[in-house]
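Student: I would like to go through this structure and ask what stands behind the words used for it.

Tutor: Here it is.

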Amino acid sequence: YATSDSEFEKDIIESSIPIIVDFWAEWCGPCKQIGPILEEISTEMSDVVFAKHNIDEQPNMPVKYGVRGIPTMLIFKNGELCGTKVGVTTKSNIVSWIKENL
């Protein structure tokens, strides 16, 4: 699902379920490449939630979390930031990264 700056604190930070937030923008080619990969993973990993955060429409959270390039994925677990991955990579690398950080 998509998040807004205001929902971010409530939905993501307060969630007891691990959440992966994909920071992206409409004009970002690599973001469009990684989108389908994340959708595939989300159907296979039912113990985590995936959210997308458009940095152009909702610029406050990317600044707060130091997102400097996109795509950037952040993993939040019990309100804590536990992992960051920047750039496009393979599905297996993303799955490994998620498992390492949960």
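Tutor: Ile-19, Val-21 and Phe-23 point one way from strand E1, Ile-20, Asp-22 and Trp-24 point the other way, and all are buried. The model is a predicted one.

Student: What makes E1 mostly covered?

Tutor: A residue is buried when its relative accessible area is under 20%. In E1, residues 19–24, 6 of the 6 residues are buried.

Student: Why is strand E3 called largely enclosed?

Tutor: E3 is largely enclosed by the rest of the structure because 5 of its 6 residues are buried.

Student: How do you know that E1 and strand E2 pair, and in which sense?

Tutor: Pairing needs at least two bridges between the strands. E1 and E2, residues 49–54, have 6 bridges and run in the parallel sense. Val-21 has Ala-51 as its bridge partner in E2, and Ile-20 stands opposite Phe-50 in E2.

Student: How many bridges join E1 to E3, and how do the two strands run?

Tutor: There are 5 bridges between E1 and E3, and the strands run antiparallel. With at least two bridges required, E1 and E3 count as paired. Asp-22 stands opposite Met-73 in E3.

Student: What joins E3 to strand E4?

Tutor: E3 and E4 are antiparallel and joined by 6 bridges; Leu-74 stands opposite Thr-84 in E4.

Student: What is the strand order of the sheet, and which strands are its edges?

Tutor: The order is E2-E1-E3-E4 in an open sheet of 4 strands with mixed pairing. E2 and E4, residues 80–86, are the edge strands, since each pairs on one side only. From one strand to the next, the twist averages 20 degrees.

Student: Where does helix H1 lie?

Tutor: H1, residues 5–13, lies across E1, E2 and E3, and runs at about 155 degrees to E1. An angle over 145 degrees counts as roughly antiparallel, so H1 is roughly antiparallel to E1.

Student: Why is helix H2 called oblique to helix H4?

Tutor: H2 (residues 29–44) and H4 (residues 91–101) pack at an angle of about 50 degrees, their axes 10 Å apart. That angle makes H2 oblique to H4, because roughly parallel needs an angle under 35 degrees and roughly perpendicular needs 65 to 115. The crossing of H2 past H4 is right-handed.

Student: Which residues meet where H2 and H4 pack?

Tutor: On the H2 side they are Ile-34, Ile-37, Leu-38, Glu-40, Ile-41 and Glu-44, and on the H4 side Lys-91, Ile-94, Val-95 and Ile-98. This contact has 7 nonpolar residues, 3 charged ones and no polar ones.

Student: Why is Asn-78 called exposed?

Tutor: Asn-78 has 53% relative accessibility, and exposed means over 50%, so Asn-78 counts as exposed. Asn-78 is placed in the loop between E3 and E4.

Student: What makes the phi of Asn-78 worth a remark?

Tutor: Most residues other than glycine have a negative phi. Asn-78 is a residue other than glycine, yet its phi is positive, near 50 degrees. The hairpin of E3 and E4 that holds Asn-78 has 2 residues between the strands.

Student: How do you know that the peptide bond joining Ile-70 and Pro-71 is cis?

Tutor: Omega is about 0 degrees for that cis bond. Most peptide bonds are trans. Pro-71 is found in the loop between helix H3, residues 60–64, and E3.

How values were computed
Residues are numbered from 1 along each chain as its sequence is written. This is a predicted model: local features need pLDDT of at least 70, side-chain atom pairs count only at pLDDT 80 or more; totals for chains, interfaces and linings use all residues. Side-chain values use heavy atoms; hydrogens and water are left out. Axes are lines fitted to C-alpha atoms, for helices over the stretch in contact, and angles run from 0 to 180 degrees between N-to-C directions. A crossing is left-handed if the near helix is turned anticlockwise from the far one by less than a right angle, and right-handed if clockwise. Contact means heavy atoms within 4.5 Å. Ala, Val, Leu, Ile, Met, Phe, Trp, Tyr, Cys and Pro count as nonpolar, Asp, Glu, Lys and Arg as charged, and the others, Gly among them, as polar. Buried means under 20% relative accessible area, exposed over 50%, partly exposed in between (1.4 Å probe, protein chains only).
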